[in-house]
Amino acid sequence: MKEFRIKGMKWFLDDEGLAAVLEKLPEVTDARRHYVAMPYKKGRVFIKTFVEKGALGALRNRTVPRGKKEYMTGKRLASMGIRTPGCLGYGVGRRRSCVVQDWIDGDGFVRVFFRHGYRERLIPALAGLLRRLKDNGVCHNDLHLDNVLVSGDLLYLIDLHKTKIKDALNDKDELSNLTHALTMIYEDLSEKEKELFFELYGNTMIQKAVEGEIKRLWRRWIESKKKRAFQETSKIVRRGERLYVAGMEDRGKGAFVQRLKSDKKVKVERYSDHVRKIYKGRRRLEKAWRNHIVLLYLNMAIIPHAYYVRLPSLFSGGFIAMEDLGGKGRELDRHLDGIYDGLNTTQRHRFVNAFSNFMKGVIGQGVVHNDVKGCNIFVVDDNVFFFLDVEDIVFEHVDEAILTRMLVQLNTTIPKRISVSDRLRFFARLTRALNVDRKGVLKKVVEESLKGEIVYEGVSGLKREQWNL
């Protein structure tokens with residue numbers, strides 16, 4: 001390893017040829033993290049910069065620079081046979097440090113996992129990685145699956161600066177590794193897949209403890225993201241009175257076109273390049289924006305893209321500027337009223353399958369819409385679905401009472417002529433993997449639905465229908 005001084009930083013490099021690359025490294029801003037990929041030899045290198053803020057950050061940078069720690073940890077893990085991006089050097093400067101690594105041409109574990117045909121290979125691979133961490137006394141204190149890259153059939157552990165290497169993991173460390181890693185996919189695993197994972201991991205007795213800890217960790221994670229909703233973070237940028245979703249700073253600047261809705265709670269206005277939802281109460285506005293941000297962190301594209309929020313002032317209500325879905329589709333009740341009679345059996349099955357998959361995916365991630373009527377679900381061409389009224393979303397795991405309420409809301413806000421067989425097909429596909437009394441839930445849904453009328457917005461306006469059974 002050789003020492004270089006480049007742009008006011010001391011660099012310690014395994015390959016002195018990297019010095020020429022680092023001379024071209026862009027200047028960093030005040031953001032806490034910077035990531036740059038730069039060409040080197042026949043490939044690329046990845047440079048991650050840690051910017052420290054405050055007295056504690058400055059002290060940490062003088063004693064244990066994060067760039068150096070990530071470099072040293074990567075070297076140790078590689079010696080244990082645990083794959084990480086190859087560590088090539090590190091740099092330390094005033095209030096910042098860097099690590100230089102090989103570029104891994106791959107994608108995040110979660111994205112790959114949900115692609116068709118990959119999960120059968122990735123479940124054993126993840127169990128093997130976690131077993132190796134346990135066997136080598138490695139506790140990664142930020143082991144969510146976005147910190148595991150998939151390249152080919154290989155898994156690479158990244159973001160190593162919070163990792164601790166011990167003589168042996170205690171029960172708390174082992175539980176931490178497993179729960180952090182499994183949280184993002186666990187609800188989507190079948191019971192057989194869960195059993196297979198713990199068998200391959202080599203400790204089936206820990207499964208119940210992991211499941212309890214996943215729920216606790218998930219609730220804590222959701223609350224932490226809600227608290228970040230009105231702060232500048234890697235995902236939120238402040239511009240004057242507005243908080244933008246990072247990357248959306250140039251969106252939502254068009255001219256007023258028309259008012260779409262106005263009631264006691266909200267006004268909805270269309271602009272030439274966005275829609276504004278103006279809230280008459282600060283509480284609902286803040287709840288809606290928090291939900292937008294949590295779903296952003298969850299990478300769940302189930303609502304219109306938010307551009308920015310402006311908090312209420314003395315003379316005007318606050319609002320959220322978001323993607324305009326108008327012209328791309330219709331609400332579920334009007335959509336079904338308009339197209340259902342023209343669909344053949346195959347097309348109806350395709351629609352039901354797509355909708356049940358959407359709802360199953362949402363429920364599996366612990367997302368519940370408290371007013372899941374047909375008018376609050378938007379259907380885009382090719383059977384893509386979005387929730388409207390984001391402020392009515394809550395984050396909790398579905399039990400039989402919640403599931404029953406949601407299904408009654410849906411059942412009584414879509415046209416009566418939707419066939420019983422299509423309704424039952426949706427119910428069967430949605431509940432197949434849920435740990436509920438399916439027959440009991442179905443009975444309650446039928447009983448509760450028959451107590452009232454069917455009310456929905458059809459193509460020609462509001463419609464009320466009786467079951468007449």
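**Close-up views of side-chain contacts and helix packing**

**View 1. Arginine 464 and glutamate 453 form a salt bridge.** In this predicted model, their closest N and O atoms are 2.6 Å apart. The pair links distant parts of the chain, 11 residues apart. Arginine 464 lies in strand E25 (residues 461–465). Glutamate 453 sits in the loop between helix H14 (438–450) and strand E24 (454–458). Arginine 464 counts as exposed, at 54% relative accessibility. Glutamate 453 counts as partly exposed, at 30%.

**View 2. Arginine 284 forms a salt bridge with glutamate 391.** The closest N and O atoms are 3.1 Å apart. Here 107 residues separate the partners, and the pair links distant parts of the chain. Arginine 284 belongs to helix H9 (residues 282–297). Glutamate 391 is in the loop between strand E22 (384–387) and strand E23 (393–395). Glutamate 391 has a relative accessible area of 3%. That value is under 20%, so glutamate 391 is buried. Both residues also take part in a network of salt bridges with Lys277 and Asp389.

**View 3. Lysine 328 forms a salt bridge with glutamate 323.** The closest N and O atoms of this pair are 3.3 Å apart. Lysine 328 is partly exposed, with a relative accessible area of 38%. Glutamate 323 is buried, at 14%. Across the whole structure, the search finds 34 salt bridges. The pairs in Views 1 to 3 are among them.

**View 4. Phenylalanine 355 and phenylalanine 426 form a stacked aromatic pair.** The structure holds 18 aromatic pairs by the rule applied. In this one, the rings are 5.0 Å centre to centre, with 15° between the planes. Phenylalanine 355 is in helix H11 (residues 345–364). Phenylalanine 426 is in helix H13 (residues 420–431). The pair links distant parts of the chain, 71 residues apart. Phenylalanine 355 and phenylalanine 426 are both buried.

**View 5. Phenylalanine 358 and phenylalanine 385 form a tilted pair.** Their ring centres are 5.6 Å apart. The planes meet at 35°, which is neither under 30 degrees nor over 60, so the pair counts as tilted. Phenylalanine 358 comes from helix H11, and phenylalanine 385 from strand E22. The pair links distant parts of the chain, 27 residues apart. Phenylalanine 358 is buried, as is phenylalanine 385. Ring pairs join both residues into a cluster with Phe351, Phe355, Phe387 and Phe426. The stacked pair of View 4 thus belongs to this cluster.

**View 6. Two arginines lie over aromatic ring faces.** Arginine 44 lies over the face of tryptophan 103. The distance from the ring centre is 4.3 Å. Arginine 276 lies over the face of tyrosine 271, at 4.2 Å from the ring centre.

**View 7. Helix H5 packs against helix H7.** H5 spans residues 119–135, and H7 spans residues 191–201. Their axes are 8 Å apart, at an angle of about 35°. H5 passes H7 in a right-handed crossing. On the H5 side, the contact residues are Arg119, Ile123, Pro124, Leu126, Ala127, Leu130, Arg131 and Lys134. They meet Glu193, Leu196, Phe197, Leu200 and Tyr201 in H7.

Definitions and conventions: Residues numbered from 1 in each chain as written. Predicted model: local features only at pLDDT ≥ 70, side-chain atom pairs only at ≥ 80, totals over all residues. Heavy atoms only, no water. Salt bridge = Lys/Arg side-chain N within 4 Å of Asp/Glu carboxyl O. Helix = DSSP H or I, 4+ residues; strand = E, 2+ residues; numbered from the N terminus. Buried < 20%, exposed > 50% of the residue type's maximum accessible area, 1.4 Å probe, protein only. Phe/Tyr/Trp six-rings, centres within 6.5 Å; stacked < 30°, edge-to-face > 60°. Lys NZ or Arg CZ within 6 Å of the ring centre and 35° of its normal. Axes fitted to C-alpha atoms, helices over the stretch in contact; angles between N-to-C directions. Left-handed = near helix turned anticlockwise from the far one by under 90°. Contact = heavy atoms within 4.5 Å.
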